[in-house]
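Subject: The structure, plus notes

Hi,

Here is the structure I promised to pass on. Have a look at it first, and then read my notes underneath.

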Amino acid sequence: MKEGRDRFITESMGQCWHDYDIDKPINTYSLEAYICKKCKGFILGNNDFTIEEDFQRLWQWAKGQKDMEDLIARFNEASFKDKEEGTTYRNKFADAVYDYLKARR
Ligand SMILES: [Zn+2]
């Protein structure tokens, strides 16, 4: 996980980069969850865009950004779901979005 990158992207998406005590989980059902000190939300953790579930939020958001059409066109959506290479492609896409957002500022 690249925390600096994932944090920057999450905040660019207008979402909270959660602040919580990793040492103080609340056990519910069999999940360890946390309460974010900033948004007071009940959370499982922060975005890790190499994980498919979190990645989908990034992908859907990026597809809604008019100025990211060219960037999106460089990737094949199916590759993100590839069992062996999916993580690599998700990582590459997150890096590309990060570079793009940094340059856009
Ligand atoms: Zn939060």
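Below is what I found, starting with the overall layout and then going helix by helix.

Please keep in mind that this is a predicted model.

**The overall layout**

The protein has four helices and three strands. Going along the sequence, they come in the pattern α-β-β-β-α-α-α. The C-alpha atoms fit a box of roughly 40 × 35 × 20 Å along the principal axes. Of the 105 residues, 13% are buried. If you take the contacts with a separation of 6 or more, 48% of them are between residues 24 or more positions apart.

**Helix α1**

On α1 (3-12), the buried residues are Asp6, Ile9 and Thr10. They sit on the same side of α1, because their arc around the axis is only 100 degrees. Gly4 and Glu11 are exposed, on the face turned away from that buried side. Among the elements covering the buried residues of α1 are α2 and α4. Gly14 comes after α1 and has a positive phi, near 80 degrees.

**Helix α2**

Helix α2 covers residues 52-63, which is twelve residues. From first C-alpha to last it reaches 16 Å, close to the 16 Å expected at 1.5 Å a residue. Which of its residues are buried? They are Phe55, Leu58, Trp59 and Ala62. Their arc around the axis is only 100 degrees, so they are on the same side of α2. The general rule behind this kind of spacing is that an α-helix has 3.6 residues a turn, so residues three or four places apart point the same way. Glu53 and Gln60 are exposed and lie on the face of α2 turned away from its buried side. The cover over the buried residues of α2 includes α1, α3 (69-73) and α4 (86-104).

**Helix α4**

α4 has 19 residues, which should span 27 Å at 1.5 Å a residue, and its end C-alpha atoms are indeed 27 Å apart. Its buried residues are Arg90, Phe93, Ala94 and Val97. These four are on the same side of α4, because they cover an arc of only 100 degrees around the axis. They pack against α1, α2 and α3. On the face turned away from the buried side you will find the exposed residues Asp99, Lys102 and Ala103.

**How the helices cross**

Two crossings involve α4, and I looked at each in turn.

How do α2 and α4 meet, and at roughly what angle do they cross? Their axes come within 11 Å and cross at roughly 40 degrees. That angle is why α2 counts as oblique to α4. The crossing is left-handed. On the α2 side the contact is made by Glu52, Phe55, Leu58 and Ala62, and on the α4 side by Gly86, Arg90, Ala94 and Val97. Phe55, Leu58 and Ala62 are also on the list of buried residues of α2, and Arg90, Ala94 and Val97 are on the list for α4.

For α1 and α4, the axes come within 10 Å and cross at roughly 65 degrees. This crossing is left-handed too. Here α1 brings Arg5, Phe8, Ile9 and Ser12 to the contact, and α4 brings Ala94, Asp95, Val97, Tyr98 and Leu101. So that you can follow them in the viewer: Ala94 and Val97 are named in the contact with α2 and again in the contact with α1.

**Two residues to click on**

Gly86 is in helix α4. Is Gly86 exposed, partly exposed or buried? It has 17 other C-beta atoms within 10 Å, so it is partly exposed. Leaving aside residues up to four places away in sequence, Gly86 touches Glu52, Phe80 and Lys81. Measuring C-alpha to C-alpha, Gly86 is 17 Å from Asp6, and the two are 80 residues apart in sequence.

Lys40 is in the loop between β2 (31-35) and β3 (42-43). Its phi is positive, about 65 degrees, although Lys40 is not a glycine. Lys40 counts as exposed, because it has 9 C-beta neighbours inside 10 Å.

Cheers

Methods:
Residues are numbered from 1 along each chain as its sequence is written. This is a predicted model: local features need pLDDT of at least 70, side-chain atom pairs count only at pLDDT 80 or more; totals for chains, interfaces and linings use all residues. The expected span of a helix is 1.5 Å times one less than its number of residues. A residue is buried if 20 or more other C-beta atoms lie within 10 Å of its own, exposed if 12 or fewer, and partly exposed in between; C-beta atoms are placed from the backbone. The arc is that of the directions from the helix axis to the C-beta atoms. Two residues are in contact if their C-beta atoms, placed from the backbone, lie within 7 Å. Axes are lines fitted to C-alpha atoms, for helices over the stretch in contact, and angles run from 0 to 180 degrees between N-to-C directions. Angles under 35 degrees count as roughly parallel, over 145 as roughly antiparallel, 65 to 115 as roughly perpendicular and the rest as oblique. A crossing is left-handed if the near helix is turned anticlockwise from the far one by less than a right angle, and right-handed if clockwise.
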